[in-house]
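User: I'm new to reading protein models and I'd like a close look at one part of this one. Could you take me through the strands and what sits around them?

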Amino acid sequence: MIRKKVIAGNWKMNKTAGDGAILARDIVAEIGRVTSVDIVLCPPFTALESVGRVLEGQAIKLGAQNMHPEKNGAFTGEISAEMLRTLYATHVILGHSERRTYCGETDAFINRKVLAALANQLKPIVCVGETLAERETGSTLAVVQRHVEGALAGVTKQQITTVIIAYEPVWAIGTGRVATTAQAQEVHAFIRDLLTKLYGAPLAQKVRILYGGSMKPGNASELLAEKDIDGGLIGGASLEARSFIDLVKAADAAN
Ligand code: PGA
């Protein structure tokens, strides 16, 4: 397999520093040394340090859920790439649909974050995906293309393989309504084609494209068996050790 699967847990606004450390400890106890799947935990900012301590010496990586593109300065409430790096974060989720919706993040702003993350050796997990209304009006692929091209503007051939893309149909996030494998694979293949046009086939074949949106142990194997689905960005099912561990095992089996 040319692409190692990735399972990333997006804890969203859940878990205090203490509760996060407990969850991380339960996950580490069973799969802390798994290297056949890239595993990333993305707690809220306030739990990065406590979770990071639990992950010390383990194969599991630490990710943040957002960051600001500027290096430092008068940006009240924001966190820079350097601040994340000093907490040993290696990944950062960018452009999540909840931030696009609730915080008004645009493709241009997300692009600045992607470039800043890469410049600071953080691996961006870039989220793209259509709303239900966009799917129903037949604009899914156009929206996904706009999100991908917008986020990746200026990303070089040297950088692209460190970017992880997460296709997350907004209508499937936290709703229990998972995309069918055919719906997901169609968009993943479309993203792969787009990457091929932008970066050439050899590099496009190396980029991991995750699915996100109500992924659970019960539906993961089917999704992960698809040719262009290289893992999952997991919300709800990442908040409990058992389901997250089972998702990692499903990804390992699909490798
Ligand atoms: P969900 O969230 O797994 O709870 O649907 C996924 C995400 O928003 O990253």
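Analyst: Let's start with a word we'll need later: a residue is called buried when its relative accessible area is under 20%. Keep in mind, too, that this is a predicted model.

Now for the strands. There are 8 of them, and they form a closed barrel in the order 1-2-3-4-5-6-7-8, with parallel pairing. Going from one strand to the next, the twist averages 25°.

Let's zoom in on one pair. Strand 4 covers residues 91-94 and strand 5 covers residues 123-128, and 4 bridges link the two in the parallel sense. Look for Ile 93, which has Ile 125 of strand 5 opposite. Packed on the sheet here is helix 7 (residues 140-152), which touches both strand 5 and strand 6 (164-167). The direction of helix 7 makes about 155° with that of strand 5.

Elsewhere on the barrel, helix 2 (residues 48-55) lies across strand 2 (38-42) and strand 3 (61-64). Helix 2 runs at about 165° to strand 3.

Next, the loops. Lys 12 sits in the one between strand 1 (6-10) and helix 1 (17-31). Lys 12 isn't a glycine, yet it has a positive phi of about 55°. Then find Ser 214, in the loop between strand 7 (208-212) and helix 10 (217-224). Ser 214 isn't a glycine either, and its phi is also positive, at about 55°.

Here's where that opening definition pays off. Ser 214 has a relative accessibility of 10%, and the cut-off for buried is under 20%, so Ser 214 counts as buried.

Definitions and conventions
Residues are numbered from 1 along each chain as its sequence is written. This is a predicted model: local features need pLDDT of at least 70, side-chain atom pairs count only at pLDDT 80 or more; totals for chains, interfaces and linings use all residues. Side-chain values use heavy atoms; hydrogens and water are left out. Two strands pair if DSSP finds at least two bridges between them. Helices (H or I, at least four residues) and strands (E, at least two) are DSSP runs, numbered from the N terminus. Axes are lines fitted to C-alpha atoms, for helices over the stretch in contact, and angles run from 0 to 180 degrees between N-to-C directions. Contact means heavy atoms within 4.5 Å. Buried means under 20% relative accessible area, exposed over 50%, partly exposed in between (1.4 Å probe, protein chains only).
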